[in-house]
Each structure stands twice: as structure tokens, then as C-alpha cells.
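Please work through the exercises below with the sequence and the structure open beside you. Each task is followed by a solution that goes step by step.

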Amino acid sequence: MSAATTSYDPAQLQALDAAHHLHPFTVHHELARRGSRVVVRAEGAWIETADGRRLLDGMAGLWCVNVGYGREELVEAGCEQLRELPYYNTFFQCTTPPATELAAELARLLPLGMTRIFFGCSGSDANDTAIKSVWYYWNLQGRPEKKHIISRRSAYHGTGLGSGSLTGLANVHGPFDLPLARFHHIGDPHWYRDGGELDPDAFGRLAASWLEAKILELGPEKVAAFWGEPIQGAGGAIIPPASYWPEIQRICRRYDVLLVADEVITGFGRTGRTFGFETFGFTPDIVVMAKGLSSGYQPISAVAFGPRVGEALFHADVEYAHGITYAGHPVACRVALANLRLMAQEGLFTRASGPAGAYFREHLMALEDHPLVGEVRVCGFLAGIELVADKASRRLFPRERQVGLRARELAIEEGLVMRAVGDTMILAPPLTLSEEEMDFLAAAARRTFDRLAAELRD
Ligand SMILES: Cc1ncc(COP(=O)(O)O)c(C=O)c1O
């Protein structure tokens with residue numbers, strides 16, 4: 001870890017944070033009582049807190065720091081751009097070299113003739129861009145009735161009005177009067193939870209058939225698009241059976257429904273290919289990207305349009321009256337370019353599908369022998385470890401016991417950051433993780449589950 005340049009007073013920061021800072025996805029008065037964990041610096045796969053603790057970051061921040069922390073190439077790129085041109089917009093006939101170069105680089109990386117790229121700052125605004133573009137597309141086609149959008153119940157696509165409506169999670173909806181009209185949610189391809197006696201592929205086809213049923217219920221002439229994360233991340237690391245995505249694609253083509261891949265988590269090497277749709281064997285019409293695009297070093301997102309929608313947008317005579325001040329921000333684009341260059345140099349787009357990925361999988365799968373672990377799901381450097389009260393029946397612990405949250409706390413005591421989604425523990429570490437760090441991660445996870453099991457027995 002680089003030498004400390006600033007010293008912090010954790011207690012003072014916690015007090016100020018409690019008094020003034022509203023956090024995402026938080027019960028504020030509870031956080032104020034418990035105190036925020038103040039993270040002050042990081043290097044490689046490790047973060048350090050203001051009270052001097054070092055933790056292995058098993059979540060790469062929030063599924064985003066793909067190249068790891070402290071990469072000078074990205075820092076330098078950002079500094080150079082800040083000196084040269086810290087900001088200019090991409091409105092009114094203008095561009096900047098980094099914005100244009102990044103659009104061209106993404107068009108090169110995307111294998112599908114996806115040559116038209118629009119920039120934003122977050123996964124949420126990128127999904128909103130894609131929703132509006134889908135509606136705009138069908139308007140351009142003279143089919144204004146084709147506006148309904150289907151996603152999944154445990155989908156996470158962000159928290160904006162549109163992206164939050166795509167998201168299927170009840171906590172994102174209820175308090176905010178979402179979803180908006182014309183958004184619909186079908187079941188998840190979650191074999192371990194819902195597959196019953198079916199083999200995974202049969203269940204994958206069944207889960208895809210729920211899309212067909214929903215399209216027929218709404219009327220194919222009214223359905224604009226199906227939206228999905230190749231792997232559902234924040235919904236619980238739901239890795240679909242191999243049969244699922246090809247069948248979803250077939251159904252979308254059959255009913256002339258656009259297929260949108262939200263690659264915000266799965267993009268940029270997470271699954272062992274550049275994009276998750278390559279791993280799962282389908283071809284989307286639109287791709288939404290963020291997080292790993294800049295490894296989280298700068299806030300940036302992008303939407304790539306395939307030939308069908310992209311050409312319609314390009315040739316339209318109606319103004320595309322959409323966009324934000326920071327679309328194509330030159331510093332963010334320059335850092336993203338440096339990130340993609342570094343990923344290519346270090347083989348990080350595919351590291352998760354090589355020997356390092358196999359090592360990661362093997363170490364995590366070994367946890368399946370633990371009495372608390374019902375299933376370990378791994379794809380590339382993304383994993384879900386489902387904790388259950390009874391392995392044979394797959395019975396969960398009562399929700400109020402908050403077993404996942406307790407596991408998260410114990411893991412931190414063991415030096416590991418894991419995320420809890422219900423009682424599923426999630427891992428999505430930097431793609432640079434060394435074998436030694438994988439050993440540490442698996443051992444810390446096992447110690448966590450041992451301690452949890454002992455507590456649950458008491
Ligand atoms: C698949 C997916 N889409 C969209 C988003 C929203 O991105 P952001 O938080 O940058 O708005 C997320 C965030 O975790 C995500 O996982």
C-alpha cells in the first residue's frame with residue numbers, strides 16, 4: 001500500500017458523516033448509530049480504513065475496480081487530461097479527442113457491428129438512455145404502441161425513474177411508487193431456488209418460456225424490449241443455465257422484441273470474455289456498460305447500439321433531444337481508454353476464463369462441503385455462495401435472522417469484504433487477484449462460515 005499522504009481522524013469523520021451525509025441503500029439513523037467504515041486508501045486488491053485495518057476487497061469496490069487499485073497508468077492519463085482540457089461538452093457540434101477515441105475503441109471491442117456509442121456517467125443513466133432510445137426507435141418505425149418493457153423480478157438496472165422501473169426489487173419500488181407504467185417483470189432463471197426436480201437446462205428453457213408467456217399476454221405488437229443482465233448481480237449472483245439466453249434470443253427474434261444486455265457488471269472481463277453475452281452465446285441489439293469501463297476510476301457509462309437501432313437513430317431527421325452535460329467527459333474517457341489499454345496488455349479481458357479463473361472456481365467450490373453452504377455458483381470472477389438452514393431441502397434461514405448480514409460482518413473481522421444479498425454472499429474481486437489472494441479469500445470465507453455456524457448453534 002502506498003505511503004499515507006493524509007492522516008484522518010476516524011471518529012470525527014464518522015460524526016460528520018452521521019450528521020450530514022445521506023448514503024445510498026441505507027437506513028440513515030441505523031448507520032449513524034453504528035458508524036460508517038471510512039475507507040481512506042487502497043492498493044491492488046486491498047483497501048485500508050481510517051483506523052488502519054487492511055481488508056481484501058472481494059467486491060472490487062462495487063463490482064467495478066477490475067484492474068485493481070493504485071494503477072499509475074490510469075492516474076497519469078487522468079492528470080494529463082485534466083491539465084490539457086479538464087472539460088468540454090459534446091453538444092453543439094463539438095467533441096474532444098478522448099470521447100471520439102473511446103467511442104471508436106468500444107466499437108472495435110464490440111463484435112457485432114455495434115458502431116454507435118452514447119456516453120453517460122452511471123449505469124442508471126445509461127439504462128435510462130437505452131429505454132428512451134428504444135421508445136424513440138419504435139416511434140421512428142411508426143409503431144408508437146410498441147412500448148412495454150419486460151425484465152426480471154430480481155433484476156438490478158439502477159435507481160432512476162426508468163432504470164429503477166426496470167429493476168425488479170421490491171425495496172427499490174415500494175417507497176418510491178415505482179415501477180412506472182409499461183414495465184413488467186418475469187421470474188428469474190434461478191435454478192437452485194426454483195428449479196425443483198428439473199435439470200438446469202430444462203429449467204433454463206422453462207424460465208425463458210415465461211418471457212414468451214408475458215409477450216403473448218401483453219400482445220407482441222405492444223412489447224418493445226426485453227432487458228437482462230447476462231448474470232443477475234445485485235439480485236443474488238444468479239447465473240442462468242446455458243440453455244436460457246439462446247432461448248431468450250429466439251423468443252425476442254420471433255416476436256420482434258429488442259434484446260438489451262445490461263453489461264454494467266458482466267462487461268470488461270468479469271465472466272472471462274470481454275462481454276457477458278459472449279460467454280452466454282447471444283447477440284443483443286443494445287449493450288449497456290459502466291463500472292469496469294473505467295475500472296471505477298472515473299464515473300462513466302456507455303450505451304452501444306447495434307445496426308438495427310443504431311442506424312435508425314443515425315439516419316433520423318428528428319433531433320435526438322437527449323444527453324447530459326458530462327456525456328463523453330474528456331477526463332473520464334481518457335481514463336477509460338487507459339483502462340482498456342491496460343486490460344489488453346495484461347490479458348485481463350480473458351484472465352477469468354484461464355488458469356486463474358479455474359483456481360478461483362476450485363477454491364470457492366470447495367466451500368460447498370461446509371454445512372451452511374447450499375450452493376456455490378461461479379462464473380469467471382463472479383460468485384454467489386448461498387447459505388441455507390438445511391442443505392437437503394434447500395431451506396433458507398428465517399429472514400429476520402439476517403444471516404447474510406451477520407456473515408458480512410464476520411468476514412470483515414476476518415479481513416475480507418463480501419457482499420450479502422439476502423443470505424447469498426457475493427464475490428466479484430479485481431480481475432488482477434493473485435493466487436495467494438485467492439487462497440486468503442477462500443480461507444477467510446471458510447473461517448467466516450465456521451464462526452457463523454458456531455453462533456447459530458448457540
Ligand atoms: C447490472 C447493473 N446495471 C445498472 C446498475 C446501475 O449502475 P449505477 O449504480 O452506476 O447507476 C448496476 C449497479 O450496480 C448494475 O449492477
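The exercises that follow concern a predicted model, and they move from the domains to single residues.

**Exercise 1. Describe the domains and the residues through which they touch.**

Step 1. The domain assignment gives domain 1 as 37–66 + 350–457 and domain 2 as 74–345. The centres of domain 1 and domain 2, taken over C-alpha atoms, are separated by 27 Å.

Step 2. Across the boundary, 27 residues of domain 1 are in contact with 21 residues of domain 2. On the side of domain 1 that touches domain 2, the elements giving two or more residues are α3 (60–63), β11, β12 (382–387) and β15 (424–427). By class, this side of domain 1 has twelve nonpolar, ten polar and five charged residues.

**Exercise 2. Find which residues have the most contacts inside the largest nonpolar core, and which helix gives the most to this core.**

Step 1. The largest nonpolar core has 131 residues, and those with the most contacts inside it are Ile286, Ala302 and Ala304. Helix α14 (residues 330–345) gives the most to this core, namely ten residues, while domain 1 and domain 2 each supply at least three residues.

Step 2. Take Ala304 as an example: apart from neighbours within four places in sequence, Ala304 is in contact with Leu106, Leu110, Met114, Ile117, Ile286 and Val287. As general background, nonpolar side chains in soluble globular proteins tend to be buried together.

**Exercise 3. Check the length of helix α17 against the expected span, and then identify its buried residues and what covers them.**

Step 1. Helix α17 (residues 435–457) has 23 residues, so at 1.5 Å a residue it should span 33 Å. The C-alpha atoms at the ends of α17 are 33 Å apart, which agrees with that expectation.

Step 2. The buried residues of α17 are Met438, Leu441, Ala442, Ala444, Ala445, Thr448, Phe449 and Leu452. Their cover includes the strands β3 (54–57), β11 (373–379) and β13 (416–417), together with the helices α15 (355–365) and α16 (403–413).

**Exercise 4. Decide whether Gly374, Arg394 and Gln93 are buried, partly exposed or exposed.**

Step 1. Gly374, in strand β11, has 22 other C-beta atoms within 10 Å and is therefore buried, since the cut-off for a buried residue is 20 or more. Leaving aside neighbours within four places in sequence, the contacts of Gly374 are Tyr192, Glu386, Leu387, Val388, Lys391 and Arg394.

Step 2. Arg394, one of those contacts, is found in the loop between β12 and α16. Arg394 counts as partly exposed because it has 15 C-beta neighbours inside 10 Å, and its phi is near 60°, a positive value in a residue other than glycine.

Step 3. Gln93 lies in the loop between α4 (72–84) and α5 (97–109), and it is exposed because 5 other C-beta atoms are within 10 Å. Although Gln93 is not a glycine, it has a positive phi of about 70°.

**Exercise 5. Locate the cis peptide bond that joins Leu178 and Pro179, and characterise the shell around the ligand.**

Step 1. The cis peptide bond between Leu178 and Pro179 has an omega of about 5°, and Pro179 is found in the loop between α8 (170–173) and β6 (183–186).

Step 2. The ligand is surrounded by 14 residues, of which the closest are Ser122, Gly123, Ser124, Gly158 and Val264. Helix α6 (residues 123–140) contributes the largest share of this shell, three residues, and by class the shell has five nonpolar, seven polar and two charged residues.

Notes
Residues numbered from 1 in each chain as written. Predicted model: local features only at pLDDT ≥ 70, side-chain atom pairs only at ≥ 80, totals over all residues. Helix = DSSP H or I, 4+ residues; strand = E, 2+ residues; numbered from the N terminus. Expected span 1.5 Å × (residues − 1). Buried ≥ 20, exposed ≤ 12 C-beta atoms within 10 Å, placed from the backbone. Contact = placed C-beta atoms within 7 Å. Near = placed C-beta within 6 Å. Nonpolar A, V, L, I, M, F, W, Y, C, P; charged D, E, K, R; others polar. Domains from an automatic or database assignment. Core = buried A, V, L, I, M, F, W, Y, C linked by C-beta atoms within 7 Å.
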